[in-house]
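The following note sets out several points on the salt bridges and one side-chain environment of the structure shown here. Please read them alongside the coordinates.

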Amino acid sequence: MLIALSTWSGIWLGIQITGFAAEIKPTQFVPSAMNLFGFMFFLAAFSAFVSAFGRDRRRTVGLLAGFYLVQLVMKIVGRAAPNFGWLLYGTFLGAFEPKSLAIHPGTAWAELAWRNGCLIGLGITAYAAAAAVFCRRDLPAPL
């Protein structure tokens, strides 16, 4: 949450310093910052879920990098090829659209509720699954 707040604060400060405060309202970037929070919440939760399965940090990082890469390719292909637009529904990156929230301030809050609902809902599910896996996992004895 601190990163999302810092991002919005940096935008606010940049608008104030550059003198665009009369033209650009910093409050129109609040939904975008909140969408960033939902995105990071899901990534942290999914990382905890993957990490709960094993003890090796390198494998966890490799699996997360592979997952993110597959998700990114799905989003790129879904946007580039109209016949593959359905791929956007299979990636969590489809719910992370801070630019669209900033561009359309009239519908930003309703769109944010749907997007962050997906991200935070998936995050809560991942944290619950991680807790279930971790509670049933056998931990090695301390050395």
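1. K75, R79 and E97 are joined in a network of salt bridges, a salt bridge being a side-chain nitrogen of Lys or Arg within 4 Å of a carboxyl oxygen of Asp or Glu. A search of the whole structure returns four salt bridges. In general terms, side chains of opposite charge can pair when their charged atoms come close.

2. The basis of these statements should be kept in mind: the model is predicted, local features need pLDDT of at least 70, side-chain atom pairs count only at pLDDT 80 or more, and totals for chains, interfaces and linings use all residues. Residues are numbered from 1 along each chain as its sequence is written, and side-chain values use heavy atoms, with hydrogens and water left out.

3. Within the network, E97 pairs with K75, and the closest N and O atoms are 3.0 Å apart. K75 belongs to helix α3 (57-80), whereas E97 sits in the loop between α3 and α4 (98-103), so this salt bridge ties together parts that are 22 residues apart in sequence. Helices here are DSSP runs of H or I with at least four residues, numbered from the N terminus. Both K75 and E97 are buried, that is, under 20% relative accessible area, with exposed meaning over 50% and partly exposed in between (1.4 Å probe, protein chains only).

4. The side chain of E97 also meets that of R79 in a salt bridge, at 2.3 Å from N to O. Since R79 lies in helix α3 and E97 in the loop between α3 and α4, the pair ties together parts that are 18 residues apart in sequence. The two partners have contrasting surroundings: R79 counts as exposed because its relative accessibility is 52%, while E97, at 11%, counts as buried.

5. A further salt bridge links R115 and E111, with the closest N and O atoms 2.9 Å apart. Both residues lie in helix α5 (residues 108-136), four residues apart, which is about one turn of the helix. R115 and E111 are both buried.

6. Which residues does F42 touch, not counting residues up to four places away in sequence? They are F67, F92, L119, L122 and G123, where contact means heavy atoms within 4.5 Å. F42 is part of helix α2 (residues 30-51), and its relative accessibility of 6% is why F42 counts as buried. The C-alpha atoms of F42 and L119 are separated by 5.7 Å, although these residues are 77 residues apart along the chain.

Conventions. Helix = DSSP H or I, 4+ residues; strand = E, 2+ residues; numbered from the N terminus.
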